[in-house]
Structure formats: C-alpha cells, structure tokens
Amino acid sequence: MRFTVRDAQLRSLDVPLLALPLAKGAKLDDAITGLDDALGGAISRVIDRRDFRFGRDETMHLVGGAKGPQRILLVGMGAVTELPGAIRRAAMIAARFARRTGAAETAWYHPDADGAIEQAVVGLSMGAWEYSETRTPPPDEERRPAPDEAVVIARDEKRAKGQVDTGVAIAEGMLVARRLAMLPGNICTPDYLADTGRELAKRHGMKITVLGRKEMEEEGMGSFLGVAQGTPQDPKLIALEHRRGSGRPIVLVGKGLCFDSGGISIKPAQSMELMKFDMCGAAAVLGAMEAIGRMELKVNVVGLIGSTTNMPSGTAFKPGDVLKSHLGKYIEIVNTDAEGRLVLCDVLSWARRYEPAAVIDAATLTGACVIALGHTASGVFGNDEALVQEVLGAGKRASEPGWPFPLWEDFKELIKSDVADIKNSGGRAAGAIAAAMFLKEFTESYPWVHLDIAGTAYSETDLVALPKGATGVPVGTFVEFVRGRVS
Ligand code: BES
Ligand code: MN
Ligand code: ZN
C-alpha cells in the first residue's frame, strides 16, 4: 500500500472511500462537522437516530454527495482504553472493507494523538493485504480494484510523515511474516527461507550466515540434525546480523519447521495440512528483521532461524533414540513430534557466541498452549523476571498480548529421563511449561524469554479485523521490544 499525507478539508476530498474511526462518546470535531454539513447532516443523523452506536468493529456505510468523498465509512471503536490498539483495529476493518468493495484509494482521518497515525498505517496495510500467490486471479470483468493507496489526513504533515514511515516499516515486516506463513510447505522450504534471508540481508546491508547439514555436523548439532534426519531437504541454520549500535546484541530466534508431520510419532491426518504453519516463529524473525532494517534502528540485533521438515522415513530419528545436543547434554527421544524444542535447543546454545544482552525465541511449540490460552494470547516463559515483564510490555504496546507461565524447578520432574540427561517430552501434563523447561536447560548463560505462538500466529477462522490465516504475530512484539532498547 502506498501512503501520502495531506492537510485537506474532508468535504473536498476526491476519494472513493473516506474512513472515520469513532470512539464511543466521541464528539464530532470541526473537520467531520464540516463534512457532515456538506452531506446535509447524513453523519449526525445516523448517530442521532442511534443507527450507528460507536460499538467496537461496528461499521456504517454512507454514500457521499456530488463532490467530495464518494463513500464514507464510520468505524466504531467502542469504549477506548488504549487508543493505538483501537486505531489499528479500526484501520484494519476499514481496509478490509475497502478491499471487499473495490476502493482503490482510502482516505483516513483521526485527530493525531499517541502515535495514532503510525498505528493507522499498520492497520490499513494489514487489512488491505491478501494472500493470492497460489491462486488463479479472477477474470478482469469480475475483478475489483485492489486497495493499494491510502491518504492520511493530518494537520501537522511533517510529524505525520515520520509516523507513516515507521508504520510502513512495521507493516512491511508483518506482511513478510504473513506471506511466508501462508506459503505451502513445498514452496516455503528451508532453502526458501535461507534465500529470503539472503535477499533481505542484501537490501538492508546485513550480514548473513547459513549453515547446512554438513556445517551443523561440524558444529555438533546432534539434536537439530536428529529432527532433520528424516528428510532429504538440507536443513538450514540462518543467522542475520543488523549491526547499527554498540554493545551486546539482542538475539531473536525462530522455529522454522516448514512442515511438521510428527515424524515417526506421526500426527493424525485430520488438519495435518495446517502444520505448514510450523515455521511462523522463523517468519516472524524475518519479518522483524525487515522492519528493523527499514527503520535503521541504532541497535545490534541478530536474527536466528532453525529450519527443517519433520518427516517419517527409513532414515528418520525414532522414539528411544538418544541425541547429543550442541551444548553436550544428552536427550532421550520419547516422541518425535516434540521436535521444535530439539531444533531450538541447538540454535539457543549456538547463540552463546553472540554474547547476547537478551534472547527471545518465538515458536509454534505446543498444542497445550493453544488449549491454555486459545488464539488470544501467546504463552510467555523466561529465566529472568525483568525481561519477561519487558516482553509482556512490548506485546501489549503492539496489540499482541502475551500471558506469563511459571518455570519453577518442580516442573523439571516432567522431563527427567532414565537413560539421558533429559527427555524431549513430559506427556500431556503442563505441556507448554514442559517444553519451555526443556529450552531453559540450554539458556542458562543469558537472559531469555520464550514465546509460544502456537495459538496466535495463525487463525483457522475469520478474526473480523483479519482474514483467517497468518496473523504476523509476534513481529510487533519483536519490533516494540527492540525499539524499547534503543538508547
Ligand atoms: N508444532 C507442534 C505444536 C502444535 C500442535 C501447534 C498443534 C499448533 C497446533 C509441535 O511440534 C508439536 O507437535 N507438539 C506436540 C508436543 C507433544 C508431542 C509433547 C504437541 O503439542 O502435541
Ligand atoms: Mn511436532
Ligand atoms: Zn512442530
């Protein structure tokens, strides 16, 4: 989506659609009143008659006059407690509406406050986007114009332009993540993720390192390679370095399982196709690096991705096997479907070479986390309370809520093994915590937070503000966290 900023009268805007987000109890300001007068009171009438009640996600579509905006969309925000999140959501709804009704250009007006313009830009971009890469486009006569332009109406154009640039950077990062997550497993392979990383690194002047099976053997990554043993595809460890600050880097780590069949502990056929989404953590790391690169944030950030495909085959690893991890700890495999932690633990131990200030990993790690928190919040786990709070704060600012879980020593019982140092699954009890306890064993030398995004990265149902499919979570959390660390 292309954005322009304009200081103009609403009544004289020549656009197919003007979106007006309105909070409960909001008084119409002079700009909207001016438009209302030009429309013969059409806006105030639907409000006075209580046809439009400012409810969250409520919309009212009005037809414009002979001049000015062709159509006007009132978007309710309900009782607003946090303006940035409410604005983002209203903008998503407006842009989805623009797509449905074929408005090529949308004007957006809301009095600027609290970074509202940045959030509006993120919301408009997110709402307008649609995945269409593996579908035949409809014939020309059935096709509506795509919503690819937006005009932000602002009085302080210079200030607004800064916010537009940041909003575009964040949105483009989220769209990188959503696109990768939507791509099927036969296209989005570990090689594809590595190529995407290379292209991104080149555009932003980042350093990139890619290890394949051979290099990982030399590094002694027996746990990661155990998972990769069942597929002929070359596994990839991808490292992107954005070096624009001083001091220890923030390290972002993503689980990149391009497909998770469960391996020998194979999953039921029902909905197995969804497991192409098991690289959403990796997609979010690439998305965050895209946003950070565009924003040129003065900070050091390293993005790490562990990518492979979990398949059953004659060469696959199997229950009962014992793997030696990169850190040296021996892992008993009791379930080959608990593969994400096996990939991540080697990447997390490899991350020590960067002497990280903080490490945050994102992974579609457990079905148990979906049972606990549904699709509303990501599970948050960590070995450093201050860092956990910092990440929760970043998630809140990004409208990507997280919720904390405990990692008490008592939970370690769940992953004790009879034959190795630890086992890779503790069964069903406290499944999300057991997985995090496993990762904790490999993160003792730095402050670390783990985000279980199994429920939040992808939706199987329409979310009102977003269509079903990839959500882009937790790109916003990553970006807000890194931004918060820029001194
Ligand atoms: N990728 C899955 C987690 C998952 C499952 C996400 C369902 C979303 C929906 C992960 O690799 C996995 O299979 N986890 C197992 C762990 C179990 C074997 C201990 C799970 O959650 O069932
Ligand atoms: Mn699995
Ligand atoms: Zn998995």
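Guide: Before we start: a residue counts as near a molecule if one of its heavy atoms lies within 4 Å of it. And keep in mind that this is a predicted model.

Visitor: Okay, so which residues come nearest to ligand 1?

Guide: There are 16 residues around ligand 1, and D260, K267, D337, E339 and G367 come nearest.

Visitor: What classes of residue make up that shell?

Guide: The shell has seven charged, five polar and four nonpolar residues.

Visitor: Which polar contacts does ligand 1 have with D260, E339 and G367?

Guide: One ligand oxygen sits 2.9 Å from a side-chain N or O atom of D260. For E339, the side-chain contact is 2.8 Å. With G367 a polar backbone atom takes part, at 2.7 Å. On its own, ligand 1 exposes 510 Å², and the protein buries 79% of that.

Visitor: Switching to metals, what coordinates the manganese ion, ligand 2?

Guide: D260 (OD), D337 (O), D337 (OD) and E339 (OE) do, at 2.0 to 2.2 Å.

Visitor: And why is the arrangement irregular?

Guide: The six donor atoms subtend angles of 70 to 165 degrees around the manganese ion, so the arrangement is irregular.

Visitor: How far is the zinc ion (ligand 3) from the manganese ion?

Guide: They're 3.2 Å apart, and D260 coordinates both. The pair links distant parts of the chain: D260 lies in strand β9, while D337 is in the loop between β12 and α10, 77 residues apart.

Visitor: Is D260 buried or exposed?

Guide: Buried, because its relative accessibility is 3%. D337 is partly exposed, at 22%.

Technical notes. Residues numbered from 1 in each chain as written. Chains lettered and ligands numbered in written order. Predicted model: local features only at pLDDT ≥ 70, side-chain atom pairs only at ≥ 80, totals over all residues. Heavy atoms only, no water. Donors = N, O, S within 2.8 Å, 3.2 Å for Na, K, Ca; no water. Tetrahedral: all angles 85-135°; square planar, octahedral: opposite > 155°, others 65-115°. Helix = DSSP H or I, 4+ residues; strand = E, 2+ residues; numbered from the N terminus. Buried < 20%, exposed > 50% of the residue type's maximum accessible area, 1.4 Å probe, protein only. Polar contact = N/O pair within 3.5 Å; in protein donor to acceptor, adjacent residues only side chain to side chain. Areas by Shrake-Rupley, 256 points an atom, 1.4 Å probe, with all protein chains shown as cover. Nonpolar A, V, L, I, M, F, W, Y, C, P; charged D, E, K, R; others polar.
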